[in-house]
Every structure is written in structure tokens, then in C-alpha cells.
Amino acid sequence: GCVPQQDVYRKNMEIGYFVGESFKGKGIATGAVRILESYIVSRFDVVRIYAKVFAHNTASMKVLQKNGFFLESIHRKAAFKNNQLIDEYLWVKFVTG
């Protein structure tokens, strides 16, 4: 899915996706991100699409990298999940709306 940002961040769009365990490794997420990007560019006036990924989710980072996203920053200890502090990686792609 995609979430348009507001106010001073209105030229930004956050994306997110989930693939069930039995469907992983089949290129589904890579294709879905490509289609979602095309949808966003055709319907929204944004210049920046981004996704936040937990440090352990290297497969998701590969999906973004295959779609032309780059690692912009790492937010150290930004999330608290399963009783652990987790680093969050911010992946970005610039587009023209």
C-alpha cells in the first residue's frame, strides 16, 4: 500500500508491503513495488517515495534495491518490537510527478 504524507511532507509517499511465507522468493514483492511505483507516479504529485525496513529484513531491502531505491539513512534503535530495540533502514527513490 501507499500512504500520502501531509503538510510540508506532501511531496512524499510512504510504501509498505507484506508477502506470506509460502510466496517469498518468487519475485512477487519486487513486481508489486514496481507496479505500486507506477501507480503512485501516475496519480500523485510526489517527488519522493520511501520505505522503512527493519534491520533483519534483508530480503525487503533487496526488493527495494532492485527497484532503484537507495539507502538514505539508518535510524538506530528506532523501533521496539518483540521486546527488542531494532534499527530501521530508510530506503528512498526520487521520481517526478
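The legends below describe an overall view and several close-up views of a predicted model.

**Figure 1. Overall view of the protein chain, with two helices and five strands.** From the N terminus on, the order of the elements is β-β-α-β-α-β-β. The C-alpha atoms occupy a box of roughly 40 × 35 × 20 Å along the principal axes. The radius of gyration is 14 Å, which agrees with the value near 13 Å for a compact globule of 97 residues. Of these 97 residues, 34% count as buried. Among contacts between residues at least 6 apart in sequence, 62% join residues at least 24 apart.

**Figure 2. Surface and charges of the protein chain.** The exposed area is about 6500 Å², and carbon and sulfur atoms supply 54% of it. The side chains include 14 positive and 8 negative ones. The centres of these two sets lie 6 Å apart.

**Figure 3. The largest nonpolar core, made up of 18 residues.** The members that touch the most other members are Ile15, Ile40, Ile49, Leu64, Phe69 and Trp91. At least two core residues come from each of strand 2 (12–15), helix 1 (28–43), strand 3, helix 2 (58–66) and strand 5 (84–94). Helix 1 gives the largest share, four residues.

**Figure 4. Close-up of Leu64 and its contacts.** Leu64 is one of the core residues that touch the most other members. Neighbours within four places in sequence aside, the residues in contact with Leu64 are Ile15, Tyr17, Ala51, Val53, Phe69 and Trp91.

**Figure 5. Close-up of Arg48, a residue of strand 3.** Strand 3 covers residues 48–54. Arg48 has a relative accessibility of 17% and therefore counts as buried, the cut-off being under 20%. Not counting residues up to four places away in sequence, Arg48 touches Lys11, Asn12, Met13, Glu72, Leu90, Val92, Lys93, Phe94 and Val95.

**Figure 6. Close-up of Phe54, also placed in strand 3.** Phe54 counts as partly exposed because its relative accessibility is 26%. With residues up to four places away in sequence left out, Phe54 touches Met61, Ala79, Lys81, Ile86 and Asp87. Leu36 is 18 residues from Phe54 in sequence, and their C-alpha atoms are 20 Å apart in space.

**Figure 7. Close-up of Lys77, a residue with positive phi.** Most residues other than glycine have a negative phi. The phi of Lys77 is about 50°, although this residue is not a glycine. Lys77 is found in strand 4, which spans residues 70–81. Its relative accessible area is 59%, so Lys77 is exposed.

**Figure 8. Close-up of Asn82, in the loop between strand 4 and strand 5.** Phi of Asn82 is near 50°, again a positive value in a residue other than glycine. Asn82 counts as exposed, because its relative accessibility is 68%.

Technical notes
Residues are numbered from 1 along each chain as its sequence is written. This is a predicted model: local features need pLDDT of at least 70, side-chain atom pairs count only at pLDDT 80 or more; totals for chains, interfaces and linings use all residues. Side-chain values use heavy atoms; hydrogens and water are left out. Buried means under 20% relative accessible area, exposed over 50%, partly exposed in between (1.4 Å probe, protein chains only). Contact means heavy atoms within 4.5 Å. The radius of gyration is taken over C-alpha atoms; the globule rule is 2.2 Å times the number of residues to the power 0.38. Accessible areas come from the Shrake-Rupley method with a 1.4 Å probe; for residues, only the protein chains shown count as cover. Lys and Arg count as positive and Asp and Glu as negative; His and the chain ends are not counted. The place of a charge is taken as NZ of Lys, CZ of Arg, CG of Asp or CD of Glu. A nonpolar core is a set of buried Ala, Val, Leu, Ile, Met, Phe, Trp, Tyr and Cys residues joined through side-chain atoms within 4.5 Å.
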